[in-house]
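Visitor: Could you take me on a close look at one part of this model, residue by residue? I'd enjoy a connected walk through it, with the numbers included.

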Amino acid sequence: MPTQARKAWALELQENHPVTITMSCAIVGLSRCAYYYQPKLSDDSVIMSVLSR
């Protein structure tokens, strides 16, 4: 199961039921690190252009 799908399930649990982030992550099998993870860049084009200069 993809991480994004599990994260969506965890968010849905929190909205519809009185559960904590820790509990919702445990229910869907997601670590809290993965729950909070946000990628810094969507692609590497910015890095590549800086390195090319």
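Guide: Gln4 has a relative accessibility of 61%, so it counts as exposed. This is a predicted model, and Gln4 sits in helix 1. Although 26 residues separate Gln4 from Leu30 in sequence, their C-alpha atoms are 9.8 Å apart in space. A second pair can be set beside that one: Ser31 and Lys7 are 24 residues apart along the chain, with 9.5 Å between their C-alpha atoms. Ser31 belongs to the loop between helix 2 and helix 3. With a relative accessibility of 41%, Ser31 counts as partly exposed, because that class runs between the 20% and 50% cut-offs.

From that loop, let's step back into helix 2, which spans residues 21-28. Which of its residues are buried? They are Ser24, Cys25 and Val28. Looking down the axis of helix 2, you find these buried residues within an arc of 100°, so they line one face of the helix. A general point fits here: an α-helix has 3.6 residues a turn, so residues three or four places apart point the same way. On the other side of helix 2, Ala26 and Ile27 are exposed. As for what the buried residues pack against, their partners are helix 1 (3-16) and helix 3 (32-36). Just after helix 2 comes Gly29, whose phi is positive, at about 75°.

Ser24 deserves a stop of its own. This serine is part of helix 2, and its relative accessibility is 0%, so Ser24 counts as buried. What does the side chain of Ser24 meet in a polar contact? Its partner is the side chain of Gln14, at 3.0 Å. If you set aside the neighbours within four places in sequence, the residues in contact with Ser24 are Ala10, Leu13, Gln14 and Val19. Gln14 therefore appears in both accounts of Ser24, given that contact means heavy atoms within 4.5 Å.

Now back to helix 1, where Asn16 is also found. Is Asn16 buried or exposed? Its relative accessibility is 52%, so Asn16 counts as exposed, the cut-off being over 50%. Asn16 makes a useful starting point for a look along the model: from Asn16 to Ser45 there are 29 residues in sequence and 39 Å in space, C-alpha to C-alpha.

Ser45 brings us to helix 4, which covers residues 45-52 and includes Val50. Val50 also helps to make a nonpolar surface patch of about 580 Å². The other residues of this patch are Leu41, Val46, Ile47, Met48 and Leu51. That completes our walk, with the buried face of helix 2 and the nonpolar patch as two good places to rotate the view and look again.

Notes. Residues are numbered from 1 along each chain as its sequence is written. This is a predicted model: local features need pLDDT of at least 70, side-chain atom pairs count only at pLDDT 80 or more; totals for chains, interfaces and linings use all residues. Side-chain values use heavy atoms; hydrogens and water are left out. Patches are made of residues with over 30% relative accessible area and no salt bridge: like charges are joined within 9 Å, nonpolar side chains (Val, Leu, Ile, Met, Phe, Trp, Tyr) within 5 Å. Accessible areas come from the Shrake-Rupley method with a 1.4 Å probe; for residues, only the protein chains shown count as cover. A salt bridge is a side-chain nitrogen of Lys or Arg within 4 Å of a carboxyl oxygen of Asp or Glu. Helices (H or I, at least four residues) and strands (E, at least two) are DSSP runs, numbered from the N terminus. Buried means under 20% relative accessible area, exposed over 50%, partly exposed in between (1.4 Å probe, protein chains only). The arc is that of the directions from the helix axis to the C-beta atoms. A polar contact is a pair of N or O atoms within 3.5 Å; within protein, one must be able to donate a hydrogen and the other to accept it, and residues adjacent in sequence count only if both atoms are side-chain atoms.
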